[in-house]
Amino acid sequence: MATAKKKTTAKKTLVIVESPSKAKTIGKYLGSSYKVIASVGHVRDLPKSKLGIDLENDFEPQYIPIRGKGDIIKELKKEAKKASKVYLATDPDREGEAISWHLAFLLGIDSDKPCRIVFNEITKNTIKEAIKHPRKIDLNLVDAQQARRVLDRLVGYQLSPLLWRKIRKGLSAGRVQSAALKIICDREKEIQNFEPKEFWTVTAEFKKGRTFTAKLAEYRKKKLTIKNREQSDAVLAQLKEGRFVVSSLSRKERIKRPYAPFTTSSMQQEASTRLNFNTKKTMMVAQQLYEGVEIKGKGSIGLITYLRTDSVRISEEAKAAAAAFITEHYGKEYQGNNVYTNKKKDIQDAHEAIRPSSIDLTPEEIRDSLTPDQFKLYRLIWCRFMASQMTAAKFDNQQVEIENGDYTFKTTGSKLLFDGYQKVYKNSIDDEKDRILPALTEGEELEPTALTGEQNFTQPPSRYTEASLVKELEEKNIGRPSTYAPIVATLSERKYVSRSKKTLIPTELGFLITGLMEEYFQEIVDVNFTAGMEDRLDDVEMAELEWKKVIRDFYGPFEKELEAADAAIEKVTIEDQPTGEICELCGKPMVLKTGRFGEFIACSGYPECKNTKPVIKTIDVKCPKCGKDIVARKSKRGKLFYGCSGYPDCDQSFWYKPVNKKCPKCGALLVEKKSKNGTLACSNTECDYKE
């Protein structure tokens with residue numbers, strides 16, 4: 001009797017990525033002979049409970065598996081053991097390379113063998129091509145990341161406890177964070193010390209068919225500054241006695257070239273300016289677009305290239321695809337041949353600029369598959385890239401000079417001749433209206449319809465917004481694309497800066513921290529030192545510098561500064577802010593305090609009286625049950641929710657922020673609940689109304 005052959009299952013190739021959504025998208029492209037799973041970010045790191053760096057053993061990092069990742073690591077090991085081959089496909093940057101290195105260590109993979117695959121976009125062709133060309137783990141990239149991680153740990157874990165001892169718990173300082181805070185504080189000092197200076201402008205209005213104005217610019221062909229009313233009145237008196245004659249006419253074509261495609265920094269700036277996104281939100285939405293979105297009829301698709309990049313380089317394939325699209329949809333005359341160069345050295349050119357993975361997936365075509373935020377950011381990226389590949393806009397510029405004795409007035413006219421890239425993308429400064437001047441001739445005399453002097457004052461420099469701070473950090477070479485969003489978030493969370501509309505204002509605490517850092521840790525807050533450190537990390541990546549030497553050179557002086565600061569800094573007392581309320585238990589004033597989880601109200605009689613209250617923030621919405629104010633609250637686990645200020649007498653509450661608008665179907669309040677179908681939804685769980 002013949003024995004039945006035991007059926008064997010062919011081993012699969014295992015591909016490990018960082019996120020589950022990316023795993024889903026890539027798994028669809030690779031098919032059944034591959035298994036794609038996610039490490040869900042880092043699997044090994046320095047311990048949270050201690051420094052984790054062996055100072056006696058040449059700064060050797062003491063990595064441990066991350067707490068809570070035990071089940072994931074167990075699953076990874078099980079799947080790696082079953083697989084015929086393992087490919088590590090984490091993000092294509094220093095951080096991603098380090099995660100692959102840690103994975104290789106945990107899974108027993110030889111990092112000197114071709115086990116690493118990288119790709120700049122998550123498309124079928126790109127993924128399949130990457131699988132064909134695995135490489136070794138790049139230890140230079142890993143070392144550059146290790147150097148940054150160890151540096152930041154040494155600074156953060158030794159400076160922060162110093163601040164806890166000398167000021168209060170919950171504070172922090174950091175290598176990049178503290179330099180960024182100093183930039184904000186320095187700008188605020190400029191504003192505080194600014195003394196406005198008076199100046200006057202003189203304007204003449206003329207009418208020849210159409211009305212136009214010209215401003216007084218020169219006296220005897222030199223720039224004229226009018227400092228006060230007396231000077232202005234004297235100039236106006238002389239002008240009224242003289243004749244206005246057109247002395248010079250000139251025309252020339254002005255070209256306005258398109259902007260380069262997005263880098264991380266420029267994307268964050270534009271998303272802030274145009275979409276009112278903060279940097280954290282921009283990166284979160286961009287990550288979703290990169291990893292893959294379910295598109296109706298097409299499945300999960302990665303819509304943009306990698307989102308952390310300093311480069312404006314574009315692949316030849318992407319250029320060709322854009323050229324074909326532009327020719328077909330806009331015309332050959334719109335197709336540009338633009339060359340963009342990176343400001344920084346080639347180290348940052350590993351990636352392309354941020355662009356759509358497929359130019360044919362237009363924002364409008366896939367709008368129904370995206371959330372409102374995803375659509376807004378994708379449209380911004382798509383239009384910016386498309387514009388970068390188009391021709392320049394052309395304007396007819398006219399300059400006119402009008403003389404009156406020794407005085408010269410100037411005015412300009414402008415008319416759009418060809419819109420070029422502005423057909424798809426306009427920046428705020430691009431939105432210039434045609435300003436047509438009437439037909440004038442040299443020697444022609446003009447009669448003014450009005451002649452006025454206006455008082456002005458010089459303005460202080462503007463406070464930083466998130467967008468302008470990111471721009472400043474990039475220009476000063478502080479931090480890297482991945483660090484911009486966390487820096488701003490940390491400064492806000494620590495109450496070092498407050499926000500007024502979009503601007504960042506340093507608090508008293510922010511000034512205090514910066515003052516201590518300037519006095520005792522000058523290098524940490526020195527912009528040039530921080531920028532120079534970024535260059536040294538780049539040198540590590542280029543194999544021009546050994547990473548531990550960077551740490552050694554830094555830590556010697558830093559350790560001495562720590563000892564000196566600890567001995568010299570006296571305990572600083574920050575006075576609590578009175579709230580105007582009286583404690584109902586003991587009658588003493590209530591004050592505003594800041595704790596580990598944010599601000600709260602407490603009795604000034606502590607520790608004798610331990611009465612505390614949460615800070616109540618109203619949202620201008622009335623409770624539908626009792627008519628009292630709805631306020632923002634936090635649950636015991638720290639989750640934000642909205643409830644009636646009349647609690648416990650009224651138990652009305654919402655997990656999503658309610659608005660002053662009732663559901664047309666059932667009459668319940670609508671809440672802000674963003675989804676693919678809208679931004680408002682009914683708070684009644686039994687009602688499906690959305691808008």
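In this predicted model, the salt bridges number 50. Several of them can be followed residue by residue, and they lead from single helices to links across the chain.

One of the salt bridges joins the side chains of Lys 82 and Glu 79, with 3.5 Å from N to O. Both residues belong to helix α2, which covers residues 70-82, and because they are 3 residues apart there, about one helical turn separates them. An α-helix has 3.6 residues a turn, so residues three or four places apart point the same way. The two partners differ in their surroundings: Lys 82 is partly exposed at 46% relative accessibility, whereas Glu 79 has a relative accessible area of 7% and is buried.

Another salt bridge connects Lys 281 with Asp 373, and its closest N and O atoms are 3.2 Å apart. Lys 281 is part of helix α9 (residues 279-291) and Asp 373 is part of helix α11 (residues 372-388), so this pair ties together parts that lie 92 residues apart in sequence. Here Lys 281 is partly exposed, with a relative accessible area of 22%, while Asp 373, at 12%, is buried.

A further pair consists of Glu 352 and Arg 355, whose side chains meet in a salt bridge of 2.8 Å, N to O. Glu 352 counts as buried at 7% relative accessibility, and Arg 355 counts as buried at 4%. Elsewhere, salt bridges that share partners join Glu 218, Lys 221, Glu 401, Glu 403 and Lys 410 into one network.

Attention may now turn to helix α7, which comprises the 13 residues 229-241. At 1.5 Å a residue, α7 should span 18 Å, and the distance of 19 Å between its end C-alpha atoms agrees with this. Its buried residues are Ser 232, Val 235, Leu 236 and Leu 239. These residues lie on the same side of α7, because they cover an arc of only 100° around the axis. The face turned away from that buried side carries the exposed residues Glu 230 and Glu 241.

What covers the buried residues of α7? The covering elements include the strands β8 (198-208), β9 (210-219) and β11 (244-256), together with β14 (393-404), β15 (407-418) and β17 (448-457). At the N-terminal end of α7, Asn 228 acts as a cap: one of its side-chain oxygens lies 3.3 Å from the backbone nitrogen of Glu 230.

The strands offer further features to trace. Strand β18 (residues 497-500) pairs with strand β19 (residues 503-506) in the antiparallel sense, over 4 bridges. Within this pairing, Val 497 has Pro 506 of β19 as its bridge partner. The two strands form a hairpin with 2 residues between them, and Lys 501 in the turn has a positive phi of about 60°.

Farther along the chain is an open sheet of 4 strands in the order β24-β25-β26-β27, with antiparallel pairing. Its edge strands are β24 (617-622) and β27 (653-654), each of which pairs on one side only. Strands of a sheet pair through backbone hydrogen bonds, either parallel or antiparallel. Strand β26, residues 640-644, pairs with β27 in the antiparallel sense over 2 bridges. Tyr 642 stands opposite Phe 654 in β27.

Methods: Residues numbered from 1 in each chain as written. Predicted model: local features only at pLDDT ≥ 70, side-chain atom pairs only at ≥ 80, totals over all residues. Heavy atoms only, no water. Pairing = 2+ DSSP bridges. Expected span 1.5 Å × (residues − 1). Buried < 20%, exposed > 50% of the residue type's maximum accessible area, 1.4 Å probe, protein only. Arc of directions from axis to C-beta. Contact = heavy atoms within 4.5 Å. Polar contact = N/O pair within 3.5 Å; in protein donor to acceptor, adjacent residues only side chain to side chain. Salt bridge = Lys/Arg side-chain N within 4 Å of Asp/Glu carboxyl O.
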